[in-house]
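Here is a short tour of one model, written for someone who likes to see the criteria next to the claims. Please keep the viewer open as you read.

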Amino acid sequence: MCSMSKRLGIYVHIPFCIQKCNYCDFCSVTDLSEELALAYTERLCRDVRARAELLRGRTVDTIYFGGGTPTLLPTACLSRIMDTVTHIFSVDGTAEITIEANPATADAEKLSALCCIGFNRLSLGLQSASDEELRLLGRVHSYEDFKNTYTDARRAGFGNISADLMFGIPTQTLSSFDDTLHALISLSPEHISAYGLTVEPNTPFGRMGASLSLPNDDMQCEMYHLCGERLREAGYERYEISNYAKEGFASHHNLRYWLGEEYLGLGVAAHSFVNGERFGNSRALGDYLDGREIEEERHSLTPSEAQTEYVMLRMRLCEGVSHQDFFNRFRLSFESQYKKRLSPYIAQGFVIQDDRHTAFTEKGFLISNTVLADILDF
């Protein structure tokens, strides 16, 4: 395989929310107090310092504060975490530094302070422009809240804003999803993520079972295609299954996951990929705060696992797998390794292949999990 990159991304998990959404299976808690905020901040800063030696010599070019709702943490706490990261690590002066926020969790003053701290990219969770659909999802904001937060963020100085959309929401129609697309496009964020609703077992939606009224598969396919069409018309380029950006605004941090680059996860439930090893922290917030040994078992990828993971992640990207890069990494021909299993999908128009690349087509993305499970044996 090729030599290890000396560039590094950092992910910081802030697990606090006002309330859990009906579809959410992420590690988050809803009882944030000033004491808990300070304790979590202190533990995070200790985490940063403890990793200094492991990551010596790397330059950090992306930082991402995710959650949860990171903007619920007091500004002073966010500033302290950022100061610790930039003091311990070598952070590139042009690094992409993102913070997630839900509408109405950051006012104009806080958004201005976030810019001063060093955040230069904001990721806002909209999900829908329909207040009824937001209520069904368990969101605690309205579309008007989103617009107000978006406007405040622009005034604060954020020139790179991403917004999350969801389709396949209970009671959602093609028309209501189209309304959401038009509403968001009119605001012109630099980046849009559009995800199909996934019903996880240990969530309120999961416990509803068959009583949960969802758009059928055909309708969700129509929503997926409509999303791509509307965003393409508006000047957004799809670069990954669920992600679209104006020119120059693809998420550098998320790209590093799909490109197999190194990243360090800090905080409860955060995961890392460093020196060919995957490791992560448990979801037990109490253990994390108490300073107990919380790291899950490390796993060094075997050559076979690394190859499988590479293909699985690269095929999420619209550019797909570069045959030359695959050969450079694994000293194997991609075509000879996968041609036989890919042939029926190429014939049916789900996969396109030329001398240099193999990638999913638009309709191929809709069955990507099935195709990858077949060709990669998982």
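## A strand covered on both faces

Strand E5 (161-167) has both of its faces covered: Ile-161, Ala-163, Leu-165 and Phe-167 are buried on one side, and Ser-162, Asp-164 and Met-166 are buried on the other. Put as a count, seven of its seven residues are buried. Here buried means under 20% relative accessible area, exposed means over 50%, and partly exposed is in between, using a 1.4 Å probe and protein chains only. Strands (E, at least two residues) and helices (H or I, at least four) are DSSP runs numbered from the N terminus.

A word on the basis of all this: the model is predicted, so local features need pLDDT of at least 70 and side-chain atom pairs count only at pLDDT 80 or more, while totals for chains, interfaces and linings use all residues. Residues are numbered from 1 along each chain as its sequence is written, and side-chain values use heavy atoms, with hydrogens and water left out.

## The neighbours of E5

Which strands pair with E5? Strand E4 (residues 121-127) pairs with E5 in the parallel sense over five bridges, and Gln-127 stands opposite Leu-165. Strand E6 (residues 191-196) also runs parallel to E5, joined to it by six bridges. Two strands pair if DSSP finds at least two bridges between them. In E6, Tyr-195 is the bridge partner of Met-166. The chain gets from E5 to E6 through helix H6, in a right-handed β-α-β crossover. Right-handed means that, with the strands pointing away from the viewer, the path from the first strand over the helix to the second runs clockwise.

The loop between E5 and H6 holds Thr-171. Thr-171 has a positive phi of about 70°, although it is not a glycine.

## Helix H5 beside helix H6

H6 (residues 174-187) also packs with helix H5 (residues 143-156), at an angle of about 15° and with the axes 11 Å apart. That makes the two helices, H5 and H6, roughly parallel. Axes are lines fitted to C-alpha atoms, for helices over the stretch in contact, and angles run from 0 to 180 degrees between N-to-C directions. Angles under 35 degrees count as roughly parallel, over 145 as roughly antiparallel, 65 to 115 as roughly perpendicular and the rest as oblique.

H5 passes H6 in a right-handed crossing; for crossings, the near helix is turned from the far one by less than a right angle, clockwise if right-handed and anticlockwise if left-handed. From H5, Tyr-143, Phe-146, Lys-147 and Tyr-150 meet Ala-183, Leu-184 and Leu-187 of H6.

## Asp-145 and a loop residue

Asp-145 is in H5, and at 26% relative accessibility Asp-145 counts as partly exposed. What does Asp-145 contact, leaving aside its neighbours within four places in sequence? Asp-145 is in contact (heavy atoms within 4.5 Å) with Pro-103 and Ala-104. Asp-145 and Asn-102 are 43 residues apart in sequence and 9.3 Å apart in space, C-alpha to C-alpha.

Ala-104 lies in the loop between strand E3 (90-101) and helix H3 (108-117). Ala-104 has a phi near 70°, a positive value in a residue other than glycine. At 52% relative accessibility, Ala-104 counts as exposed.

## Around strand E1

Strand E1 (residues 7-14) is mostly covered, with seven of its eight residues buried. E1 pairs in the parallel sense with strand E2 (residues 59-67) over eight bridges, where His-13 stands opposite Gly-66. E1 also pairs in the parallel sense with strand E9 (residues 263-266), over four bridges, with Leu-264 as the bridge partner of Ile-10.

Helix H1 (residues 34-50) completes a right-handed β-α-β unit with E1 and E2. The peptide bond from Gly-67 to Gly-68 is cis, with omega near 20°. Gly-68 is found in the loop between E2 and helix H2 (75-88).

## A three-stranded antiparallel sheet

Another sheet is open and antiparallel, its three strands in the order E13-E15-E14. Strand E13 (321-322) and strand E14 (351-353) each have a single partner strand, so one side of each is left without a neighbour in the sheet. E14 and strand E15 (residues 357-360) pair over three bridges, and Ala-359 is the bridge partner of Ile-352. Helix H13 (residues 334-347) packs on this sheet, touching E13, E14 and E15, and the direction of H13 makes about 135° with that of E14.
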